[in-house]
Amino acid sequence: MKKLNAGKFDTRIRIEKLTEPVVIVAGEPVPTWEEVYTTWAMRSSLTEKDKEDVEAMQRVSSDYTEFTIRYPLPQLMPSTEMKVFEVVSGYKYDIENIRIEGRNQYLILVCKQRQQL
């Protein structure tokens, strides 16, 4: 992989992990997310936003996006159980796959955004 231009890392993202459900709404625990770290990323869209799927008898729109980030410290390594939050736009993504590029230079987070229709 060739060296990436630092100017392409123009999207601010926050990696979040699930914590114990501490908020109770109508008697049900609600999952809460906490920040692991915030970094700059290069964003690339993989699919058309208009593609629709059916999940659990509901129509949902799926948007696959790749976020390329610099390789983090080992204790900050993202996993598929975490989420990506785009700081400026407010979009949340599930991390579906993680690829290492170069010699531990970059991580590519393949993410799926879900929106109920």
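## Glu16 and its salt-bridge partners

In this predicted model, Glu16 counts as buried, because its relative accessibility is 4% and the cut-off for buried is under 20%. The side chain of Glu16 nevertheless meets that of Lys92 in a salt bridge, with an N to O distance of 3.4 Å, and Lys92, at 38% relative accessibility, counts as partly exposed. Glu16 lies in strand β1 and Lys92 in strand β6, so that this pair links distant parts of the chain, 76 residues apart. Arg14 belongs to the picture as well, since a network of salt bridges links Arg14, Glu16 and Lys92.

## Other charged pairs

The count of salt bridges comes to 6, and among them is the pair of Glu34 and Lys17, whose side chains meet at 3.6 Å, N to O. Because Glu34 lies in strand β2 and Lys17 in strand β1, this pair ties together parts that are 17 residues apart in sequence. Glu34 is partly exposed, with a relative accessible area of 36%, and Lys17 is partly exposed with a relative accessible area of 36%.

Another of the pairs is formed by the side chains of Asp94 and Lys83, at 2.3 Å, N to O. Asp94 lies in strand β6 and Lys83 in strand β5, so the pair ties together parts that are 11 residues apart in sequence; Asp94 and Lys83 are both buried.

## Strand β5 and its hairpin

Strand β5, residues 83–86, is covered on both faces, with Lys83 and Phe85 buried on one side and Val84 and Glu86 buried on the other. In a regular strand, side chains alternate between the two faces of the sheet. β5 and β6 run antiparallel and are joined by 3 bridges, and the bridge partner of Phe85 in β6 is Lys92. The hairpin of these two strands has 5 residues between them, and Gly90 in this hairpin takes a positive phi near 85 degrees.

## The nonpolar core

The largest nonpolar core has 13 residues, and those with the most contacts inside it are Ile13, Ile15, Phe67, Ile69, Val84, Leu109 and Cys111. Two or more residues each come from β1, β2, β4, β6 and β7, with β7 giving the most, 3 residues. Beyond its neighbours up to four places away in sequence, Cys111 touches residues including Phe67, Val84, Tyr93, Asp94 and Ile95.

## A nonpolar patch on the surface

Val22, Val23, Val25 and Val30 form a nonpolar surface patch with about 310 Å² of accessible area together. β1 provides the largest share of this patch, 3 residues. Val22, which lies in strand β1, is exposed, with a relative accessible area of 62%.

Methods:
Residues are numbered from 1 along each chain as its sequence is written. This is a predicted model: local features need pLDDT of at least 70, side-chain atom pairs count only at pLDDT 80 or more; totals for chains, interfaces and linings use all residues. Side-chain values use heavy atoms; hydrogens and water are left out. A nonpolar core is a set of buried Ala, Val, Leu, Ile, Met, Phe, Trp, Tyr and Cys residues joined through side-chain atoms within 4.5 Å. Buried means under 20% relative accessible area, exposed over 50%, partly exposed in between (1.4 Å probe, protein chains only). Helices (H or I, at least four residues) and strands (E, at least two) are DSSP runs, numbered from the N terminus. Contact means heavy atoms within 4.5 Å. Two strands pair if DSSP finds at least two bridges between them. Patches are made of residues with over 30% relative accessible area and no salt bridge: like charges are joined within 9 Å, nonpolar side chains (Val, Leu, Ile, Met, Phe, Trp, Tyr) within 5 Å. Accessible areas come from the Shrake-Rupley method with a 1.4 Å probe; for residues, only the protein chains shown count as cover. A salt bridge is a side-chain nitrogen of Lys or Arg within 4 Å of a carboxyl oxygen of Asp or Glu.
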